[in-house]
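Student: Please choose one part of this model and take me through it closely. I would like to see how that part connects to what surrounds it.

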Amino acid sequence: MSSRNYCMVSGLIFVLIGLLHVWRYVLDLPLQVGVWYAPRSVSLIGAIIAGVLALWAFSSARGTKPHETVYN
């Protein structure tokens with residue numbers, strides 16, 4: 001698998017995770033981890049982090065400009 005494909009797949013997974021966080025936030029679905037009930041703000045923060053990681057993955061998939069060849 002090329003690094004471009006890897007970044008695209010990673011970006012899509014982060015988008016999916018972000019959408020699930022937004023879905024939980026909007027519908028105010030309960031989330032319990034052990035005895036701790038996670039507040040809605042946890043999902044909002046999770047959605048923001050997943051969105052940033054998705055943007056980072058997609059920008060990495062685009063790649064950078066090719067290096068200039070310098071002839072001496």
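**The loop and its surroundings**

Tutor: Let's start with D28, which lies in the loop between α1 and β1; helices here are DSSP runs of H or I with at least four residues, strands are runs of E with at least two, and both are numbered from the N terminus. Please keep in mind that this is a predicted model, in which local features need pLDDT of at least 70 and side-chain atom pairs count only at pLDDT 80 or more, while totals for chains, interfaces and linings use all residues. Residues are numbered from 1 along each chain as its sequence is written, and side-chain values use heavy atoms, with hydrogens and water left out.

The backbone at D28 deserves your attention. D28 follows α1 directly and has a positive phi, near 55°, although it is not a glycine. With a relative accessible area of 46%, D28 is partly exposed, since buried means under 20%, exposed over 50% and partly exposed in between, using a 1.4 Å probe and protein chains only.

Now follow the side chain of D28. It meets the side chain of R40 in a salt bridge, at 3.8 Å from N to O. That bridge links distant parts of the chain, for R40 is in helix α2 (residues 40-62), 12 residues from D28, which sits between α1 (3-27) and β1 (32-33). The rule asks for a side-chain nitrogen of Lys or Arg within 4 Å of a carboxyl oxygen of Asp or Glu, and the count it gives is 1 salt bridge. R40 is partly exposed as well, with a relative accessible area of 33%.

R40 has a second partner. It lies over the face of Y25, 4.1 Å from the ring centre; a charge counts as over a ring if NZ of Lys or CZ of Arg is within 6 Å of the centre and within 35 degrees of the ring normal.

From R40, step along α2 to S43, which lies in that helix. S43 is buried, with a relative accessible area of 2%. Leaving aside neighbours within four places in sequence, S43 is in contact (heavy atoms within 4.5 Å) with H21, R24 and Y25. Y25 therefore appears twice in this neighbourhood, in contact with S43 and under R40.

Further along α2 comes A47, which counts as buried at 14% relative accessibility. Its contacts, with neighbours within four places again left aside, are G18, H21 and V22. H21 is thus a contact of A47 and of S43. A47 and W23 are 24 residues apart in sequence, yet their C-alpha atoms are 9.5 Å apart in space. V22 and G46 are likewise separated by 24 residues, with 8.6 Å from C-alpha to C-alpha. V22 itself belongs to helix α1 and is partly exposed, at 40% relative accessibility.

Let's widen the view to the two helices. In α1, the buried residues are C7, S10, G11, G18 and R24, and what covers them includes α2. In α2 they are S43, G46, A47, A50, A54, A57 and A61, with α1 included in their cover. It helps to recall that an α-helix has 3.6 residues a turn, so residues three or four places apart point the same way.

Helix lengths can be checked too: the expected span is 1.5 Å times one less than the number of residues. For the 25 residues of α1 this should come to 36 Å, and the end C-alpha atoms are 36 Å apart, which agrees. For the 23 residues of α2 the value should be 33 Å, and the ends lie 34 Å apart, which agrees. Just as D28 follows α1 with a positive phi, G63 follows α2 with a positive phi near 80°.

Finally, the whole chain. The protein has 2 helices and 2 strands, running α-β-β-α from the N terminus on. Buried residues make up 18% of its 72 residues. Of the contacts between residues at least 6 apart in sequence, 59% join residues at least 24 apart. The protein exposes about 6,000 Å², of which carbon and sulfur atoms supply 70%; the areas come from the Shrake-Rupley method with a 1.4 Å probe, and for residues only the protein chains shown count as cover.
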